[in-house]
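Hi,

Here is the structure I promised to pass on. Have a look at it first, and my notes follow underneath.

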Amino acid sequence: MRVAIIGAGLSGLAAAYYLGRHGIRSILIEKANRPGGLVRTDFVDGCRLEAGPDSYLAAKPAMTELAQDVGLGAQIISSNDVARRVFIVRHGKLVPLPHGMRMMIPGQLLPAMTSELFSAKTKLRMMRERFAAPRARTHDISVAELIGEHFGEEAVEYLAEPLLAGVYGGSAARLSAASVLPRFLDYEQRYGSLIRGAQHEPKNSDCIPPANDRKSASL
């Protein structure tokens, strides 16, 4: 059996690699003159610029295992746990991500309520979100829809989009919530509120890492 893979981005290359490990031949079809898709390295005026997804969530081991399998394990760079901070651009100004954020969920309300990153309307939605009723979805939705329903469009723009862009290299409106944030859907079903769900997780849990908990690798 031979398999045709459309697109030689990271997913296409990984698919070809794992097919090969199972003895299945494949052919990669790519319109660009190079593989890698959105992942690339540019040099501008002597500066090295990494484009596309440049990090991944350390809580998900598949990427670490793949990097080690293809000989890139030694190039993985862990985040600086002491100095790491995430800044989001709002109205042309760098605003620090509030402390206690669990991805797009304010694990601690006080830092979120006092942050310049969110408007009064979004802060009110975050406070009200704690009282959401449990629900079980019958079909998949996008990350943007999930976060928007719970915290509003501002949370999508200033949390979901920037936090996931560096990991997945795609828009939150095109990312599957079931694939990217399955734990959040579980929170919905058990607690209704994402905030209450995150607060019930053990502090040392890897299921929902802090917004800064990433690893990166040069590819």
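The buried residues of helix H5 (143-151) pack against strand S10 (105-106), helix H4 (120-129), H6, H7, H8 and H9. Bear in mind as you look around that this is a predicted model. H5 itself is mostly covered, with seven of its nine residues buried. They are Val143, Ala144, Leu146, Ile147, Gly148, His150 and Phe151. Right after H5 comes glycine 152, which has a positive phi, near 100 degrees.

Two of those H5 residues turn up again in the largest nonpolar core. That core has 40 residues, and Val143 and Ile147 are among those with the most contacts inside it, along with Met104, Leu159, Leu181 and Phe184. Which helices supply at least two residues each? They are H3 (109-113), H5, H6 (153-168), H7 (177-180), H8 (182-190) and H9 (194-200). H6 gives the most, with eight residues.

Leucine 159 is a good place to zoom in. If you skip its neighbours within four places in sequence, leucine 159 is in contact with Leu97, Met101, Met104, Leu117, Phe118, Met126 and Glu154. Met104 is also on the list of residues with the most contacts inside the core.

Then there are the aromatic rings. How many aromatic pairs does a search of the whole structure find? It finds three. One is formed by tyrosine 17 and tyrosine 18: this pair is edge-to-face, at 5.2 Å centre to centre and with 70 degrees between the planes. Are these two tyrosines buried or partly exposed? Tyrosine 17 has 26% relative accessibility, so it counts as partly exposed. Tyrosine 18 is partly exposed too, because its relative accessible area is 33%, and the cut-off for buried is under 20%.

Another pair joins tyrosine 187 and tyrosine 191, and this one is tilted, with 6.4 Å centre to centre and 55 degrees between the planes. Tyrosine 187 has a relative accessible area of 0%, so it is buried. Tyrosine 191 comes out at 16%, so it is buried as well. Ring pairs also link Phe184 with Tyr187 and Tyr191 into a cluster. You have met Phe184 already, as one of the residues with the most contacts inside the largest nonpolar core.

If you want a route through the model, start at H5 with its seven buried residues, move on to leucine 159 and its contacts, and finish at the cluster of Phe184, Tyr187 and Tyr191.

Cheers

Conventions: Residues are numbered from 1 along each chain as its sequence is written. This is a predicted model: local features need pLDDT of at least 70, side-chain atom pairs count only at pLDDT 80 or more; totals for chains, interfaces and linings use all residues. Side-chain values use heavy atoms; hydrogens and water are left out. A nonpolar core is a set of buried Ala, Val, Leu, Ile, Met, Phe, Trp, Tyr and Cys residues joined through side-chain atoms within 4.5 Å. Buried means under 20% relative accessible area, exposed over 50%, partly exposed in between (1.4 Å probe, protein chains only). Helices (H or I, at least four residues) and strands (E, at least two) are DSSP runs, numbered from the N terminus. Contact means heavy atoms within 4.5 Å. Rings of Phe, Tyr and Trp (its six-membered ring) pair if their centres lie within 6.5 Å; planes under 30 degrees apart count as stacked, over 60 as edge-to-face and the rest as tilted.
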